[in-house]
Amino acid sequence: MTDYIRFICTTCGSDKAIYPNTPPLDDDIISCAGCEREIGPHKIIKDAMLAAGKDELSNLSYKIIGKRPTWKNG
Ligand SMILES: [Zn+2]
């Protein structure tokens, strides 16, 4: 299980995210490396990934960023 989440940004198509800290802190706001769109706090994304499957995470991120990203296994 990795703390890092890879995704494909539905805005710019980038598959890289910006983590303010390494490793990311719970309160860090993770952003898209391509367009700097805010994805959400690392804690929420991490907890969602731990607690639910990727379908649930996709639904959560849909609520957070308004678009449904394509998640990949890290
Ligand atoms: Zn982007």
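These are my notebook entries on a predicted model of a protein chain.

**Confidence**

I began with pLDDT. The mean for the protein chain is 73, and 55% of its residues reach 70 or more. I then looked up where confidence is lowest and where it is highest. Helix α2, residues 54–65, has the lowest confidence, at a mean of 58. Strand β3 has the highest, at 90. Where pLDDT is low, predicted coordinates should not be read in detail. I put my effort into β3 and its partners.

**Overall layout**

I noted two helices and five strands in the protein chain. Along the sequence the pattern reads β-β-β-β-α-α-β. The protein chain has 74 residues, and 19% of them are buried. I also checked contacts with a separation of 6 or more. Of these, 31% are between residues 24 or more positions apart.

**The sheet**

Next I traced an open sheet of three strands. Its order is β2-β3-β4, and the pairing is antiparallel. The edge strands are β2, residues 17–18, and β4, residues 38–41, each pairing on one side only. I went through the pairings in turn. Two bridges join β2 to β3. Three bridges join β3, residues 29–32, to β4.

I wrote down the register. On the β2 side, I18 stands opposite S31 in β3. On the β4 side, S31 stands opposite E38. I29 stands opposite P41 in β4.

**Side chains along β3**

Which residues of β3 are buried, and which are not? I30 and C32 point to one face and are buried. I29 and S31 point to the other face and are not buried. That alternation is what a regular strand shows, with side chains switching between the two faces of the sheet.

**The hairpin**

I turned to the hairpin of β3 and β4. Five residues lie between the strands. Among the hairpin's residues, E36 takes a positive phi near 65°.

**K46**

My last stop was K46, found in helix α1, residues 42–51. Why does K46 count as partly exposed? I found 18 other C-beta atoms within 10 Å of K46. A residue is buried at 20 or more and exposed at 12 or fewer. K46 is therefore partly exposed, with its 18. I also looked up the spacing between K46 and D26. These residues are 20 apart along the chain, and their C-alpha atoms are separated by 8.3 Å.

Technical notes: Residues numbered from 1 in each chain as written. Predicted model: local features only at pLDDT ≥ 70, side-chain atom pairs only at ≥ 80, totals over all residues. Pairing = 2+ DSSP bridges. Helix = DSSP H or I, 4+ residues; strand = E, 2+ residues; numbered from the N terminus. Contact = placed C-beta atoms within 7 Å. pLDDT = per-residue confidence, 0-100.
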